[in-house]
Amino acid sequence: MNEDHELSRLEKEWKNSFERFTAPEPSREQTLNLIQKIKAADESKPVDMRAALEAQQETQTISSKVASLFLSQWNFHGARSWLLTGIVLLILTITISQNGGNTATDFLIWIKWITLIIIAGMGYAFRSKNEGNEIIETLSYYPLGQQMFTRFMIVMAIQLAITLPLSFIVLGSVSSVLYLLSSFTPILFFGVVGFVATMWLGQKVGILLALFVWFAQVLLGKQLKFAALFQLPGNDYFVLTNIVVIGISVLLLCSVPLKNRQGKLA
């Protein structure tokens, strides 16, 4: 009987203890303070710049995306190099036109040196100034293949915009559509060789290969005849050579998407 009484007493005591225990209810001020702390914590989080950039790019039109891609590559190496290239080409053109005596010979010498400068410009445009720039290229929003092709387009457009008007200084009254074609084709070919070889073999090997082709053309031009890139409109193989060279340039450019596809699968 005493044990039952003692158990009843303990049960009542524990029951009263549990009934008195309640969690403290937060006040209205405490709730507002908690909300303000949560908001402050969210605002202090670092902004994901890449996610913000991608979200901004998604809202742009295709033309805006293309313009942004060109501007990004133009700013990457700056406009000073293109200005210096134009000055070098202008000095070269004036020097040859003032010191030469035969228009055809002067033009062949001019186009050989112009294409050599094209190769140098291609190597300069595709260089990696330092490890930091190379990392920026790799981590860019745009794929590396698109960046390289955009840079190639910029190089070719600027070189053609500079050299074609300068050809009139060398040719004078002899200038014609065929002469313009004879300057356009080698510029296009060496630009494409430098670009495609760089994409497949890397910057150093690509430029060395382009230089090898250039020296072979300069040294063996008279023996090559049909395969000679530097030809005047009066030559027997002029039209055929230009068609073949332009076709080869197009085929070489078509190999670049294959290279990009291999890079994605690797």
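Q: In this predicted model, what share of the chain's contacts between residues at least 6 apart in sequence join residues at least 24 apart?
A: Start with contacts whose partners sit at least 6 apart in sequence. Now keep those whose partners are at least 24 apart. That share comes to 77%.

Q: What pattern does the chain follow along the sequence?
A: There are zero strands to place here, and eleven helices. Reading along the sequence, then, you get α-α-α-α-α-α-α-α-α-α-α.

Q: What percentage of the chain's residues are buried?
A: The chain has 266 residues, and its accessible surface is about 17,200 Å², with 65% of that belonging to carbon and sulfur atoms. To count as buried, a residue has to be under 20% relative accessible area. The buried portion of the chain is 31%.

Q: Which residues touch the most other members of the largest nonpolar core?
A: This core holds 42 residues. Helices giving two or more residues to it are α5, α6, α8, α9, α10 and α11. The members with the most contacts to other members are W110, M122 and F195.

Q: Which residues does F195 contact, leaving aside neighbours within four places in sequence?
A: F195 is one of the core residues that touch the most other members, and M122, another of those, is also among its contacts. Setting sequence neighbours within four places aside, the full list is M122, F126, M148, F149, F152, L253 and V256.

Q: How are α5 and α6 oriented, roughly parallel or roughly antiparallel?
A: The two axes come within 10 Å and cross at roughly 165 degrees. Anything over 145 degrees counts as roughly antiparallel, so α5 and α6 are roughly antiparallel.

Q: Is the crossing of α5 past α6 left-handed or right-handed, and what is its hand called?
A: On the α5 side, the residues that meet α6 include W82, V88, L89 and I96. On the α6 side, W110, W113 and I117 are among the partners. The crossing is right-handed.

Q: How are α6 and α8 oriented, roughly parallel or roughly antiparallel?
A: Their axes lie 11 Å apart, and the packing angle is about 160 degrees. The cut-off for roughly antiparallel is over 145 degrees. α6 passes α8 in a right-handed crossing. By that angle the pair is therefore roughly antiparallel.

Q: Which residues of α8 meet α6?
A: From α6, the residues involved include F107, W110, I114 and M122. Facing them from α8 are R151, F152, V155, M156, Q159, T163, L166, S167, V170 and L171.

Q: At roughly what angle do α6 and α10 cross?
A: The contact involves K112, T115, L116, I119, M122 and G123 from α6, meeting Q203, I207, A210, L211, W214 and V218 from α10. The axes come within 10 Å, and the crossing is at roughly 175 degrees. That makes the two helices roughly antiparallel, with an angle of roughly 175 degrees.

Q: Is S182 buried or exposed?
A: S182 lies in helix α9. Beyond residues up to four places away in sequence, S182 touches F107, I111, Q231, F238 and N242. Its relative accessibility is 3%, and the limit is under 20%, so S182 counts as buried.

Q: How far apart in space are L178 and V239, C-alpha to C-alpha?
A: L178 also lies in helix α9 and is partly exposed, at 42% relative accessible area. Its contacts, leaving aside neighbours within four places in sequence, are P233 and F238. L178 and V239 are 61 residues apart in sequence, and their C-alpha separation is 8.9 Å.

Q: Is Q217 buried or exposed?
A: Q217 lies in helix α10. Not counting neighbours within four places in sequence, Q217 contacts F190, L224, A227, A228, L229 and F230. With a relative accessibility of 10%, Q217 counts as buried.

Q: What distance separates the C-alpha atoms of I154 and W74?
A: I154 lies in helix α8 and is buried, with a relative accessible area of 9%. W74 is one of the residues it touches, along with F70, Q73 and W82. The two are 80 residues apart along the chain, and their C-alpha atoms are separated by 7.7 Å.

Key
Residues numbered from 1 in each chain as written. Predicted model: local features only at pLDDT ≥ 70, side-chain atom pairs only at ≥ 80, totals over all residues. Heavy atoms only, no water. Core = buried A, V, L, I, M, F, W, Y, C linked by side-chain atoms within 4.5 Å. Buried < 20%, exposed > 50% of the residue type's maximum accessible area, 1.4 Å probe, protein only. Helix = DSSP H or I, 4+ residues; strand = E, 2+ residues; numbered from the N terminus. Contact = heavy atoms within 4.5 Å. Areas by Shrake-Rupley, 256 points an atom, 1.4 Å probe, with all protein chains shown as cover. Axes fitted to C-alpha atoms, helices over the stretch in contact; angles between N-to-C directions. Parallel < 35°, antiparallel > 145°, perpendicular 65-115°, else oblique. Left-handed = near helix turned anticlockwise from the far one by under 90°.
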